[in-house]
Amino acid sequence: MNSIRVRVADVDDIPAIVDMLADDPLGATRENPGDLSAYRAAFEAIDTDHNQYLVVAVDDSGVVGTAQLSIVPGLSRNGMSRAMIEGVRVRRDRRSDGVGAILMEWAADMARTRGCRLIQLTSDKTRTDAHRFYSRLGYVDSHIGYKRPL
């Protein structure tokens, strides 16, 4: 396996990131890799927000994974900031190669650097493989999440 490094994503990474987001049964129904305009606008908002990190894992073959880390300041828990991980994806041909674990460790390290004392994520109920992965990394299924379309 080539050496994997994590770096902040740039605008040229958008097609590879969107392809990974769309490459599963859920993503196939909600992503649109054929029209990247909305993704470019979202990238600009993420890229200019100092509490957001959109990163890619890369090796000699190109982009092999992605994740987004959000730093959320809060008043609860004695003014504790927390980190939220979203959109963790690994290119299909690189799954089970350790790419996801590298991304998750990068996120935990960055969260610590930013003063967070908690890192959290949500995962769709149907992503049972992802749930096993997160559990192996020490994440605990501790809360019930709710979403409401707006």
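Arg148 lies in the segment after α6, the helix of residues 128-136. The model is a predicted one. With a relative accessible area of 71%, Arg148 is exposed. In sequence, Arg148 and Met20 are 128 residues apart. In space, their C-alpha atoms are 24 Å apart.

The overall architecture comes next. The protein holds six helices and five strands. Along the sequence, these elements follow the pattern β-α-α-α-β-β-α-β-α-β-α. The radius of gyration is 15 Å, close to the 15 Å given by the globule rule for 150 residues, so the protein is as compact as a globular protein of that length. Along the principal axes, the C-alpha atoms fill a box of roughly 45 × 35 × 30 Å.

Burial, contacts and surface were computed for the protein as a whole. Of its 150 residues, 37% count as buried. Contacts between residues at least 6 apart in sequence were also classed by separation. Of these, 59% join residues at least 24 apart. The exposed area is about 9,500 Å². Carbon and sulfur atoms supply 52% of that area. The protein carries 20 positive and 21 negative charges. The mean positions of the two sets are 8 Å apart.

Helix α1 spans residues 14-22. Its buried residues are Ile14, Ile17, Val18, Met20, Leu21 and Ala22. These buried residues pack against two helices, α2 (25-30) and α3. They also pack against the strands β2, β3 and β4 (82-90).

Strand β3 covers residues 62-72 and includes Val63. Val63 has a relative accessible area of 13%, under the 20% cut-off, and is therefore buried. Val63 and Ala16 are 47 residues apart along the chain. Their C-alpha atoms are nevertheless separated by 6.6 Å. Beyond its neighbours within four places in sequence, Val63 is in contact with Asp13, Ala16 and Met20. The same list for Val63 also includes Val56, Ala57, Val58 and Arg91.

Thr66 is also placed in strand β3. Its relative accessible area is 1%, so Thr66 is buried. A polar atom of the Thr66 side chain lies 2.8 Å from the backbone oxygen of Val55. With neighbours within four places in sequence left aside, Thr66 is in contact with Ile17 and Met20. Its other contacts are Leu54, Val55, Val56, Gly87, Val88, Arg89 and Leu103. Ile17 and Met20 are among the buried residues of helix α1.

Val88 has its place in strand β4. At 14% relative accessibility, Val88 counts as buried. Val88 touches Thr66 and Ala67, not counting residues up to four places away in sequence. On the same basis, Val88 touches Met104 and Tyr134. The separation from Ser61 was also computed. Val88 and Ser61 are 27 residues apart along the chain. Their C-alpha atoms are separated by 19 Å.

Asn51 is found in the loop between α3 (37-47) and β2 (52-59). Although in a loop, Asn51 counts as buried at 14% relative accessibility. Its side chain makes a polar contact with the side chain of Arg114, at 2.6 Å. Apart from neighbours within four places in sequence, Asn51 is in contact with Leu69, Ser70, Ile71, Pro73 and Arg114.

Backbone geometry was examined in helix α4, which covers residues 76-79. Most residues other than glycine have a negative phi. Arg77, found in helix α4, has a positive phi, near 55 degrees. Asn78 is found in helix α4 as well. Its phi is near 65 degrees, again a positive value in a residue other than glycine. Asn78 has a relative accessible area of 75%, so the residue is exposed.

Methods: Residues numbered from 1 in each chain as written. Predicted model: local features only at pLDDT ≥ 70, side-chain atom pairs only at ≥ 80, totals over all residues. Heavy atoms only, no water. Helix = DSSP H or I, 4+ residues; strand = E, 2+ residues; numbered from the N terminus. Buried < 20%, exposed > 50% of the residue type's maximum accessible area, 1.4 Å probe, protein only. Polar contact = N/O pair within 3.5 Å; in protein donor to acceptor, adjacent residues only side chain to side chain. Contact = heavy atoms within 4.5 Å. Rg over C-alpha atoms; globule rule 2.2 N^0.38 Å. Areas by Shrake-Rupley, 256 points an atom, 1.4 Å probe, with all protein chains shown as cover. Lys, Arg positive; Asp, Glu negative; His and termini not counted. Charge placed at Lys NZ, Arg CZ, Asp CG, Glu CD.
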